[in-house]
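Hi everyone, thanks for making the time today. Let me put the structure up on the screen, and then I'll walk you through a pocket, a sheet and some charged pairs.

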Amino acid sequence: MEETRQVQGTWDLSTFKFRIEGEGINNMLKEMKEAKLLGNRCHQCGTVYLPANFYCRKCHIAIHEPAEISDHGEVMSYTVGYADVRGNPLDEPRVSLMVKLDGSDTWIMGAGEEMKPEDVHIGMRVKIKWAEHRVGNLQDMESFIPE
């Protein structure tokens, strides 16, 4: 049985800097237009990254091998929000998921739909709900829904 822990408080993210690698993001977005996911694999250790990274974080070498990734995966972590960023109560709880997609070693974050907060659990199988009209941006991936 997994232990559920609640953490109260806020985290200041103002000091974090995020480097976004353009080629990997561009390749991923191009494939998302076709409801596909493309990451890349380290030729030395086999780690698969989504979004694609320009170097392997384990081996510290440049990587360029494309890797197709499934749009199905497993919930690795989640949170349920009951208020907006100003503290106003939401009409419905909002489920946010961290998902490890099949074929990838990294996790991505997205909203959970068609699931009750009490039904969400670590290890839950989900799939991406693609937008009906995809244009090649991050909104093409609308949410995660149960398999």
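**A pocket, a sheet and some salt bridges**

Let's start with the largest pocket, which has a volume of about 1,400 Å³. Please keep in mind that this is a predicted model.

What lines this pocket? The lining of the largest pocket is made up of 26 residues, and those nearest its centre are Val7, Tyr78, Thr79, Val80 and Gly81. Two elements give two or more residues each to that lining: strand E4, residues 72-83, and strand E5, residues 89-101. E4 provides the largest share, with seven residues. If you're wondering about the chemistry, the lining splits into 11 nonpolar, 10 polar and five charged residues.

Now, over to the sheet. Here three strands make an open, antiparallel sheet, and the order is E2-E1-E3. At the edges sit strand E2 (48-49) and strand E3 (65-69), each pairing on one side only. Strand E1, residues 37-41, pairs with E2 in the antiparallel sense through two bridges. One residue to look at is Arg41, whose bridge partner in E2 is Val48.

Arg41 also takes us to the charged pairs. As a reminder, side chains of opposite charge can pair when their charged atoms come close. How many salt bridges does a search of the whole structure find? It finds five.

In one of them, the side chain of Arg41 meets that of Glu65, at 3.2 Å from N to O. Arg41 belongs to strand E1 and Glu65 to strand E3, so this pair ties together parts that lie 24 residues apart in sequence. Arg41 is partly exposed, at 29% relative accessible area, and Glu65 is partly exposed too, at 33%.

Next, find Lys129 on your screens. Glu113 forms a salt bridge with Lys129, and their closest N and O atoms are 3.2 Å apart. Glu113 lies in the loop between strand E6 (107-112) and strand E7 (125-130), while Lys129 lies in strand E7, so the pair links parts 16 residues apart in sequence. Glu113 is partly exposed, with a relative accessible area of 31%, and Lys129 counts as partly exposed at 27%.

Lys129 has a salt bridge with Glu142 as well, with the closest N and O atoms 3.9 Å apart. Since Glu142 is in strand E8, residues 141-146, and Lys129 is in E7, this pair ties together parts 13 residues apart in sequence. Glu142 counts as partly exposed, at 39% relative accessibility.

Finally, Asp102, Arg125 and Glu147 are joined into one network by salt bridges that share partners. Thanks for listening!

How values were computed
Residues are numbered from 1 along each chain as its sequence is written. This is a predicted model: local features need pLDDT of at least 70, side-chain atom pairs count only at pLDDT 80 or more; totals for chains, interfaces and linings use all residues. Side-chain values use heavy atoms; hydrogens and water are left out. On a 1 Å grid over the protein atoms alone, a cavity is a set of points where a 1.4 Å probe fits but cannot get out, and a pocket is an open set with protein on both sides within 12 Å along at least five of seven lines; lining residues have an atom within 4 Å of a point. Grid points are joined across faces, edges and corners, and a volume is the space filled by probe spheres set on the points. Helices (H or I, at least four residues) and strands (E, at least two) are DSSP runs, numbered from the N terminus. Ala, Val, Leu, Ile, Met, Phe, Trp, Tyr, Cys and Pro count as nonpolar, Asp, Glu, Lys and Arg as charged, and the others, Gly among them, as polar. Two strands pair if DSSP finds at least two bridges between them. A salt bridge is a side-chain nitrogen of Lys or Arg within 4 Å of a carboxyl oxygen of Asp or Glu. Buried means under 20% relative accessible area, exposed over 50%, partly exposed in between (1.4 Å probe, protein chains only).
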